[in-house]
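Q: Got a minute to walk through this one with me? I'd like to start with the open spaces and then look at a few elements.

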Amino acid sequence: MIHERYAIYYAPRFDSKLGQFGNAWFGFNPVSHEDIPRPNVEGMNAQEIENITQGSGRYSFHGTLRSPFKLRKNRNLDSLDKSLKSFVTKVRPIICGPLSIRSIGRFLALVPDDPESQVPDLAEQCMRALDNFRLAPDKQELDRRRQTGLTTIQEQLLLRWGYPFVMEEFRFHLTLSDKLEGMDLIKYQAILEKHCEGLCNEPFVIDEIALFGDPGQGGKFEEISRYKLSAIS
């Protein structure tokens with residue numbers, strides 16, 4: 001299948017505890033590309049979950065390492081796959097502190113305790129290694145990014161890397177909601193903290209990365225391939 005864009009994610013395996021929660025939360029199995037039932041969450045119903053994940057759910061459950069990009073005309077999926085297979089042989093698995101539910105601006109996310117910035121380092125390596133696959137954004141996309149109001153540094157990053165929230169502006173997170181109003185943010189954070197307690201008491205491990213694709217026409221991002229981080233030292 002041809003995809004409009006590609007992204008490099010941390011995405012837990014579907015059958016893991018984190019994967020079972022996150023994919024059900026968004027109501028989508030990115031492996032089979034099928035809708036699945038929303039989870040039973042005390043204090044919320046399925047319609048409420050759907051209402052606060054309308055936009056974020058399109059990207060499936062994930063933590064971004066390389067934001068979505070279009071392939072350059074002289075690149076293809078096979079060459080991207082080959083480069084990813086080579087890349088992961090040079091990268092070691094990462095072990096961080098546990099996840100916690102946090103508000104980032106006006107949305108909610110699961111964020112690991114990562115005082116040594118291991119995940120941002122991985123994201124930067126990924127960005128640099130695969131940048132020659134990325135088609136530079138056109139004026140329309142650049143203007144769309146600028147509508148949020150970028151700092152000088154973010155503007156420079158946008159022009160260099162095609163996305164403003166990379167390198168020193170990068171903050172790893174597994175998004176759980178669209179933007180929420182103040183009281184909803186407080187309400188749903190409390191609900192999710194209680195519901196996700198069992199997911200937030202173990203070390204957070206990244207030992208694989210995943211290639212996802214955008215099917216276009218508003219479809220949800222789909223898992224294409226997984227790659228095990230296999231560097232020994």
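A: Here is a quick run through pockets, a cavity, helices and strands.

A: Keep in mind that this is a predicted model.

Q: What is the volume of the largest pocket?
A: About 1,300 Å³. It has 38 lining residues, and the closest to its centre are Phe107, Arg145, Tyr163, Phe165 and His173.

Q: Which elements give two or more residues to that lining?
A: Those are β1, β4, α4 and α5, the last covering 139-146.

Q: How does the lining of the largest pocket divide by class?
A: 17 residues are nonpolar, 12 are polar and 9 are charged.

Q: And the second largest pocket, what volume does it have?
A: About 340 Å³. Of its 18 lining residues, Tyr10, Ser16, Leu18, Pro203 and Val205 are the closest to its centre. Two elements, α1 and β9 (204-206), give two or more residues to this lining. The split here is 9 nonpolar, 2 polar and 7 charged.

Q: Let's take α1 then. How many of its residues are buried?
A: 8 of 10, so to speak mostly covered, over residues 17-26. The buried ones are Leu18, Gly19, Phe21, Gly22, Asn23, Ala24, Trp25 and Phe26.

Q: What follows α1?
A: Glycine 27 does, and its phi is positive, near 70°.

Q: Now closed spaces. How many cavities of 30 Å³ or more turn up?
A: The search of the whole structure finds 1. The largest cavity holds about 40 Å³ of space. Its lining includes Asn23, which is also one of the buried residues of α1. Phe14, Phe61, Phe212, Glu223 and Arg226 are among the other lining residues. By class, the lining has 7 nonpolar, 1 polar and 3 charged residues.

Q: Back to α4. How far does it reach?
A: 19 Å from first C-alpha to last, for 13 residues (118-130). That is close to the 18 Å expected at 1.5 Å a residue.

Q: Which residues of α4 are buried?
A: Val119, Leu122, Ala123, Cys126, Met127 and Leu130.

Q: Why are they on the same side of α4?
A: Because they cover an arc of only 135° around the axis. In general, an α-helix has 3.6 residues a turn, so residues three or four places apart point the same way.

Q: Last one, the strands. Is β4 mostly covered or mostly open, and what does it pair with?
A: Mostly covered: 6 of the 7 residues in β4 (63-69) are buried. β4 pairs with β1 (residues 5-10) in the antiparallel sense, over 4 bridges. Tyrosine 6 has phenylalanine 69 in β4 as its bridge partner.

Conventions. Residues numbered from 1 in each chain as written. Predicted model: local features only at pLDDT ≥ 70, side-chain atom pairs only at ≥ 80, totals over all residues. Heavy atoms only, no water. Expected span 1.5 Å × (residues − 1). Buried < 20%, exposed > 50% of the residue type's maximum accessible area, 1.4 Å probe, protein only. Arc of directions from axis to C-beta. Pairing = 2+ DSSP bridges. 1 Å grid on protein atoms, 1.4 Å probe; cavity = no way out; pocket = protein on both sides within 12 Å on 5 of 7 lines; lining within 4 Å. Points joined across faces, edges and corners; volume = space filled by probe spheres on them. Nonpolar A, V, L, I, M, F, W, Y, C, P; charged D, E, K, R; others polar.
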